[in-house]
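Here's a quick walk through the fold, starting with the sheet and then moving on to what packs inside. Have the model open as you read.

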Amino acid sequence: MGKIVLKLYVTGGQSAVEQAADDLQKYCEQSTGLPCDVEIVDAMRWPQKVVGARVLAFPTIIREAPLPLRRVIGDISNPTKILAALDLLPTLD
């Protein structure tokens, strides 16, 4: 696995969203040991990106890399749950 790329689709770029994205990035990098980019996409500023990604509800997080794509819709306050849903937490074999 190389770099992790996440896109966070929201309506309005409030400071709370920016803080959640920062927390998610830090936790992702700590949990996986890989670099993680989290891009915030504001639907009000970039509606064409929202349509292109087929986002229907907000907030939505899409894991673009590594493939396959994975989505989480709804509450973004718990990084552990988000990373688990995006299949980014290490598994114990």
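The backbone of the story is an open sheet of four strands in the order 2-1-3-4, with mixed pairing. Strands here are DSSP runs of E, at least two residues long, while helices are runs of H or I of at least four, both numbered from the N terminus. Two strands count as paired if DSSP finds at least two bridges between them. At the edges sit strand 2 (36–42) and strand 4 (70–73), each pairing on one side only. From one strand to the next, the twist averages 20 degrees.

A word on the source: this is a predicted model, where local features need pLDDT of at least 70 and side-chain atom pairs count only at pLDDT 80 or more, though totals for chains, interfaces and linings use all residues. Residues are numbered from 1 along each chain as its sequence is written, and side-chain values use heavy atoms, leaving out hydrogens and water.

Strand 3 (residues 60–65) and strand 4 run antiparallel, joined by four bridges. One of the bridge pairs is T60 with I73 in strand 4. The two strands make a hairpin with four residues between them.

Helix 1 (residues 15–32) packs on the sheet and touches strand 1 (4–10), strand 2 and strand 3. Contact means heavy atoms within 4.5 Å. The direction of helix 1 makes about 160 degrees with that of strand 2; axes are lines fitted to C-alpha atoms, for helices over the stretch in contact, and angles run from 0 to 180 degrees between N-to-C directions.

Now for the inside. A nonpolar core is a set of buried Ala, Val, Leu, Ile, Met, Phe, Trp, Tyr and Cys residues joined through side-chain atoms within 4.5 Å; buried means under 20% relative accessible area, exposed over 50%, partly exposed in between (1.4 Å probe, protein chains only).

| Core | Size | Residues include |
|---|---|---|
| Largest | 19 residues | I4, L6, L8, I61, L86, L88 |
| Second, separate | seven residues | A43, V50, V55, I62 |

Helix 1 gives the largest share of the largest core, five residues.

What does I4 touch beyond its neighbours within four places in sequence? The list is C28, T32, L34, P35, C36, D37, A65, P66 and L88. I4 is found in strand 1 and counts as buried because its relative accessibility is 0%. I4 and A65 are 61 residues apart in sequence, yet 5.2 Å apart in space, C-alpha to C-alpha.
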